[in-house]
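Please open the structure in your viewer and keep the selection tool at hand. The tour below moves from the whole chain to single residues, and each stop says what to select and what is there.

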Amino acid sequence: MKRSRSPVNDVRKRLFRETARDILSTAKVKRQFGEAVDTAGAIARAMQQAYRLGFDDAVNQAAGSSPPPTESPEGAPLDPAEDAMEWARIPPRTRSTFWRICLAALGRDRRTSTPSYLEMTLKPNGSMAWQLVAPDRHAYERVVGDGTIVTLVRLGLLQHALTEDPQVTLTDYGIRTWNRFLERGGQWSEDLVEKL
């Protein structure tokens with residue numbers, strides 16, 4: 001007779017994937033800068049944490065109590081507040097781009113507005129892309145693919161501006177999401193990587 005398994009917890013699954021991405025990203029960055037890498041130790045700690053979470057769930061289930069809400073690595077609940085998106089809910093590749101845009105446009109000063117915007121440009125192969133123009137009208141050399149911008153607009157973090165030239169700006173929701181990220185420490189493995 002087979003023992004039935006409890007259903008997969010989607011929030012927990014997302015947390016595990018996020019932890020795995022963080023471990024790999026941190027190891028990659030440390031290797032780039034010639035620092036010591038302890039990937040095996042980081043994986044072991046993540047596995048111990050996963051075991052503890054599973055064990056606690058099993059004990060709580062046997063006792064008839066509901067498990068405590070799952071928390072993100074920063075210690076914040078994964079359920080987003082009405083006024084800002086939880087950082088872990090932004091897709092990883094899109095999050096990296098959003099992080100770079102916010103860092104260049106807003107900095108770490110917890111500003112509530114910025115004159116920065118992204119303007120449409122064409123790549124050498126003719127495909128559409130977006131380039132960040134900072135407050136001093138300085139255009140960054142790196143460009144962002146249109147697919148990433150579409151995702152950020154769909155999430156409500158960016159919006160198309162009502163201007164003659166195609167432009168995209170940060171929304172109030174996007175700015176609050178960035179500021180919430182900074183309030184909770186603002187540390188991310190990409191803090192070690194080159195800026196936009």
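Begin with the region where caution is needed, by selecting residues 67-81, over which pLDDT stays under 50 and for which the model has 29 contacts beyond four places in sequence. Add residues 190-196 to the selection, since there too pLDDT stays under 50, with 22 contacts beyond four places in sequence in the model. Where pLDDT is low, the predicted coordinates should not be read in detail. This is a predicted model throughout, and the protein averages a pLDDT of 77, with 78% of the residues scoring at least 70.

**The whole chain**

Now show the chain as a cartoon, in which the secondary structure comes to five helices and five strands. Following the chain from the N terminus on, you meet these elements in the order α-α-α-β-β-β-α-β-β-α. Of the 196 residues, 37% are buried, and among contacts between residues at least 6 apart in sequence, 51% join residues at least 24 apart.

**Helix α3 against helix α5**

Select residues 92-106, which form helix α3, together with residues 172-183, which form helix α5; the two pack at an angle of about 90°, with their axes 11 Å apart. That angle makes α3 roughly perpendicular to α5. To see the contact itself, show the side chains of Phe98, Trp99, Cys102, Leu103 and Leu106 on α3, and add Gly174, Ile175, Thr177, Trp178 and Phe181 on α5. Sorted by class, this contact of α3 with α5 has eight nonpolar, two polar and no charged residues.

**Helix α3 against helix α4**

Keep α3 selected and bring in α4, which packs with α3 at an angle of about 85°, with the axes 10 Å apart. Here again the angle makes α3 roughly perpendicular to α4. The residues to display are Thr94, Thr97, Phe98 and Ile101 of α3, and Thr148, Thr151 and Leu152 of α4. In the contact of α3 with α4, three residues are nonpolar, four are polar and none is charged.

Which residues does Thr94 touch, once its neighbours within four places in sequence are left aside? Selecting Thr94 shows contacts with Thr148, Thr151 and Leu152. Thr94 is buried, with a relative accessible area of 8%, and its C-alpha lies 8.3 Å from that of Ile149, although Thr94 and Ile149 are 55 residues apart in sequence.

**The nonpolar core**

Next, select Phe98, Leu118, Leu170 and Trp178, which touch the most other members among the 27 residues of the largest nonpolar core. At least two residues of this core come from each of α3, β2 (128-133), β3 (139-145), α4 (146-154), β5 (167-170) and α5, and the largest share, seven residues, comes from α3. Centre the view on Phe98 and, not counting residues up to four places away in sequence, you will find Trp87, Ile90, Leu152, Leu157, Leu170, Gly174 and Thr177 touching Phe98.

**Asp146**

For the last stop, select Asp146, which is found in helix α4. Is Asp146 buried or partly exposed? Asp146 is partly exposed, with a relative accessible area of 23%. Leaving aside neighbours within four places in sequence, Asp146 is in contact with Met128, Ala129 and Trp130. Finally, draw a distance between the C-alpha atoms of Asp146 and Met120, which are 26 residues apart along the chain and separated by 8.9 Å in the model.

Technical notes: Residues are numbered from 1 along each chain as its sequence is written. This is a predicted model: local features need pLDDT of at least 70, side-chain atom pairs count only at pLDDT 80 or more; totals for chains, interfaces and linings use all residues. Side-chain values use heavy atoms; hydrogens and water are left out. Axes are lines fitted to C-alpha atoms, for helices over the stretch in contact, and angles run from 0 to 180 degrees between N-to-C directions. Helices (H or I, at least four residues) and strands (E, at least two) are DSSP runs, numbered from the N terminus. Angles under 35 degrees count as roughly parallel, over 145 as roughly antiparallel, 65 to 115 as roughly perpendicular and the rest as oblique. Contact means heavy atoms within 4.5 Å. Ala, Val, Leu, Ile, Met, Phe, Trp, Tyr, Cys and Pro count as nonpolar, Asp, Glu, Lys and Arg as charged, and the others, Gly among them, as polar. pLDDT is the predictor's confidence in each residue, from 0 to 100. A nonpolar core is a set of buried Ala, Val, Leu, Ile, Met, Phe, Trp, Tyr and Cys residues joined through side-chain atoms within 4.5 Å. Buried means under 20% relative accessible area, exposed over 50%, partly exposed in between (1.4 Å probe, protein chains only).
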